[in-house]
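Reader: Hi! I'd love a close look at how the aromatic rings sit in this model, and at the parts around them. Could you take me through it slowly, with the numbers a computational chemist would want?

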Amino acid sequence: MAFIEKRSGELLYMNSNIISARHIFTTRHGGVSTGALASLNLGSNRGDTPENVRENYRRLCAFLGSEIDDCVVTRQVHGNEVRIVTEADKHQVLTRVPYDADGIVTNRPGLPIICFTADCVPVLLYDEVNRVAGAIHCGWRSSVSDILGNAIAQMKKLGAEEAHICAALGPAIGSCCFETDDDVPDAVTAYLNGETEGLFVRRSDGKTMVDLRGANRVRLLQLGLKEEHIDISPECTFCCHDKYWSHRYTKGVRGTQASAIVIE
């Protein structure tokens, strides 16, 4: 298992060899946005020009093999809603998404699904036997609300099986930089029923460093995924702020990266 840096046209992106479907974890490189949003900003609410956002989507969707208005996206509210989506849910870029969902799953070939991050954990899921895919935004609130449990349940409705689901947890803020108060480790402990060995480092100032990707890995194992079917990016978005958008590093002045998957 490994995350590999690749290029496609102008795009610099990451790919996990555990996911056999076409997929992408974008970086901040390969787009046309300028200034603080340079260069691949995929957020329509970050103050970018519509022309820049549309061109950035065109480049992403060229990789995915689709037109820019033929994808389905999340509308993230840091909740645990996971929506089963079809062609009826295709989103026109720069318009409001008509539902709230931090995760989306599908079994429709040729329908790219996308979630967005800038420190939170992006999780791409794929059952290549039953051909079901998911794109899940796992911020800490979504995580402790068991969005992954909901995602697996929704995938199973489409015929997926835990034994066949592979999960790639993309670039996100690491335990080296995710400094929290007690509310986060307390919530993670409850979420995982106390199975938290190695996930926290308590500091002398009362703060706790939390391994959110590690916590979601534990939850995926609890849900029945196989250890060998889980791949985790080693990169921290805060540490690698020149490569990835980091909300914490930029204090909110930043673009948005995407994690996308399409069943071919």
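Author: Happy to! Let's begin with Tyr-249, which counts as partly exposed at 39% relative accessibility. Please keep in mind that this is a predicted model. Tyr-249 will come back shortly with its partner.

How many aromatic pairs does the structure hold? There are three. One of them joins Phe-3 and Phe-25: the ring centres are 5.4 Å apart and the planes meet at 55°, so this pair is tilted. An angle over 60 degrees would have made a pair edge-to-face. Phe-3 belongs to strand E1 (residues 3-8) and Phe-25 to strand E3 (residues 22-26), so the contact ties together parts that lie 22 residues apart in sequence. Are these two rings buried or exposed? Phe-3 has a relative accessibility of 15%, which counts as buried, and Phe-25 is buried too, with a relative accessible area of 1%. The cut-off for buried is under 20%.

Now back to Tyr-249, which forms an edge-to-face pair with Phe-238, with 5.3 Å from centre to centre and 80° between the planes. The two residues are 11 places apart, with Phe-238 in the loop between strand E14 (230-232) and helix H6 (247-250), and Tyr-249 in helix H6 itself, so that the pair links distant parts of the chain. Phe-238, at a relative accessible area of 26%, is partly exposed, and Tyr-249, as we saw, is partly exposed as well.

Rings can also have a charge as company. The charged end of Arg-22 sits over the ring of Phe-63, 5.4 Å from its centre. In another such case, Arg-83 lies over the face of Tyr-99, 4.3 Å from the ring centre.

Phe-63 takes us to helix H1, where this residue is buried. Its companions among the buried residues of H1 include Asn-52, Val-53, Asn-56, Tyr-57, Leu-60 and Leu-64. Why might such a list come in steps? An α-helix has 3.6 residues a turn, so residues three or four places apart point the same way. Which elements cover the buried residues of H1? The cover includes E1, strand E2 (11-16), E3, strand E7 (113-117) and strand E15 (257-262). So the strands that hold the tilted pair, E1 and E3, are among those that cover H1.

You may like a quick geometry check on this helix. H1 has 15 residues (50-64), which at 1.5 Å a residue should span 21 Å; the C-alpha atoms at its ends are 21 Å apart, which agrees. The expected span is 1.5 Å times one less than the number of residues. Just after H1 comes Gly-65, with a positive phi of about 80°. Helix H3 is followed in a similar way: Gly-159, just after H3, takes a positive phi of about 105°.

To draw the picture together: Phe-3 and Phe-25 form a tilted pair between E1 and E3, and both strands belong to the cover of H1. The helix in turn holds Phe-63 as one of its buried residues, and the charged end of Arg-22 sits over that ring. Elsewhere, Phe-238 and Tyr-249 make their edge-to-face pair.

Technical notes. Residues are numbered from 1 along each chain as its sequence is written. This is a predicted model: local features need pLDDT of at least 70, side-chain atom pairs count only at pLDDT 80 or more; totals for chains, interfaces and linings use all residues. Side-chain values use heavy atoms; hydrogens and water are left out. Rings of Phe, Tyr and Trp (its six-membered ring) pair if their centres lie within 6.5 Å; planes under 30 degrees apart count as stacked, over 60 as edge-to-face and the rest as tilted. Helices (H or I, at least four residues) and strands (E, at least two) are DSSP runs, numbered from the N terminus. Buried means under 20% relative accessible area, exposed over 50%, partly exposed in between (1.4 Å probe, protein chains only). A charge sits over a ring if NZ of Lys or CZ of Arg is within 6 Å of the ring centre and within 35 degrees of the ring normal. Contact means heavy atoms within 4.5 Å.
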